[in-house]
Amino acid sequence: MICNICGKNTDTRNGVCGECHGRQTVKTRQKRVIRQSTMAIIVGFVILVGLFSFISSGLFEETTEKVSETTNEIVHNIGETSEGIVKRIEEEQIRIQEDQRISDKKYIQEITTKVHELINIERTSHGLRPLSWNAKIAQASVNHSADMLTRDYFEHDSPEGHDFSWRYSQVGFSCSVTKGNMIYGGAENIMYLDGYYGVDRIASETVDGWMNSPGHKSNILTSYFQSEGIGVAVSFNEVYVTQNFC
């Protein structure tokens, strides 16, 4: 044991150093005990802090890893959800566009059919045979109506100077009707309507307009024409109608 007076390592009995025979006081012994206890507490605290830091570090890393995994999963799920929503929106837009296309096609077909019916009513009312439907002529008519709509003009000849005979040739059709000493290559009527809606109204306005025009009426009531084709193009409230004969 260390003597508090001489500082040597010696035995002490009853507080008296065996080396210097100095007496250690109770207070001195208490201080030594307190210092030893304090050191033990400090060492224990340091160990506890180190252990806590070690455990905390592991828990923090584990918690951070779990948070990171959870965040990645959430982001992944959000990404999948967003892609799903975008895909559904795109599919819905395609469906709406397809429905509109079908609706427009049906609308145009109904106008076309109605005009054809009204034309033959006019012919039969004048003692003439009805015109048959010619699919190739109809395609040439559709092409011209669509071209007028797309390029915003209203003429029998295209901006390039192509007439209905040229349009016939583009669909693989050639018209040649013999009457006496004359050979006729067909004829064409066109109509433009703005602000008209509905199958019946568009069809009746078209045929009435032609019947009130001498040149168009003459084409409709030409006795030697045997067939016709009608092409309709519609954009909002604009309607282009082409009628070709052979």
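**Notes on the predicted model: salt bridges, pocket and cores**

1. Arg 151 is a good place to start: the residue is partly exposed, at 36% relative accessibility. Please keep in mind throughout that this is a predicted model. The side chain of Arg 151 forms a salt bridge with that of Glu 160, with N and O 2.7 Å apart. Glu 160 is partly exposed too, at a relative accessible area of 47%.

2. Which buried residues meet in a salt bridge? Glu 188 and Arg 167 do so through their side chains, with an N to O distance of 2.8 Å. This pair ties together distant parts of the chain, since Glu 188 belongs to strand S6 (residues 187-194) and Arg 167 to helix H3 (residues 164-170), 21 residues apart. Both Glu 188 and Arg 167 are buried. Back at Arg 151, salt bridges with shared partners bring Asp 147, Arg 151 and Glu 160 into one network.

3. Within helix H1 (residues 26-125) you will find Glu 110 and Lys 106, four residues apart, or about one turn of the helix. Their side chains form a salt bridge, at 2.5 Å from N to O. How exposed are the two partners? Lys 106 counts as exposed because its relative accessibility is 51%, over the 50% cut-off. Glu 110 is partly exposed, with a relative accessible area of 33%. Four salt bridges are counted in total.

4. Now for the overall layout. The chain has five helices and eight strands. Their order along the sequence is β-β-α-β-α-α-β-β-β-α-α-β-β. Of the 246 residues in the chain, 28% are buried. If you take the contacts between residues at least 6 apart in sequence, 60% of them join residues at least 24 apart.

5. The largest pocket holds about 210 Å³ of space. Which elements supply at least two residues each to its lining? H1, helix H2 (135-151) and strand S7 (227-235) do. The lining residues are Lys 105, Ile 108, Gln 109, Thr 112, Trp 133, Ala 135, Ala 138, Gln 139, Val 142, Ile 230, Gly 231 and Val 232. By class, seven of them are nonpolar, four are polar and one is charged.

6. The largest nonpolar core has 33 residues, and the members that touch the most others are Val 115, Ile 119, Tyr 168, Phe 173, Trp 210, Ile 220 and Val 241. At least two residues of this core come from each of H1, H2, H3, S6, helix H4 (199-211), S7 and strand S8 (238-245). H4 gives the most, with six residues. There is also a second, separate core of five residues, among them Met 148, Tyr 153, Ala 233 and Tyr 240. As background, nonpolar side chains tend to be buried together in soluble globular proteins.

7. Val 241 deserves a look of its own. Setting aside neighbours within four places in sequence, Val 241 contacts Ser 145, Asn 189, Ile 190, Met 191, Thr 206, Trp 210, Ile 230, Gly 231 and Val 232. Of these partners, Ile 230, Gly 231 and Val 232 also help line the largest pocket, and Trp 210 is listed with Val 241 among the core members that touch the most others.

8. Ala 203 sits in helix H4. Is Ala 203 buried or exposed? It is buried, because its relative accessible area is 0%, which is under the 20% cut-off. The C-alpha atoms of Ala 203 and Val 115 are 5.0 Å apart, although 88 residues separate the two along the chain. Beyond its neighbours within four places in sequence, Ala 203 contacts Ile 111, Lys 114, Val 115 and Leu 118.

9. Finally, two backbone points to check by eye. Most residues other than glycine have a negative phi. Asp 152, however, has a positive phi, near 55°. Asp 152 lies in the loop between H2 and H3 and is exposed, with a relative accessible area of 60%. Where is Phe 236 found? Phe 236 is in the loop between S7 and S8. Its phi is also positive, at about 55°, although Phe 236 is not a glycine. Phe 236 counts as exposed because its relative accessible area, 77%, is over 50%.

Methods. Residues numbered from 1 in each chain as written. Predicted model: local features only at pLDDT ≥ 70, side-chain atom pairs only at ≥ 80, totals over all residues. Heavy atoms only, no water. Buried < 20%, exposed > 50% of the residue type's maximum accessible area, 1.4 Å probe, protein only. 1 Å grid on protein atoms, 1.4 Å probe; cavity = no way out; pocket = protein on both sides within 12 Å on 5 of 7 lines; lining within 4 Å. Points joined across faces, edges and corners; volume = space filled by probe spheres on them. Nonpolar A, V, L, I, M, F, W, Y, C, P; charged D, E, K, R; others polar. Core = buried A, V, L, I, M, F, W, Y, C linked by side-chain atoms within 4.5 Å. Contact = heavy atoms within 4.5 Å.
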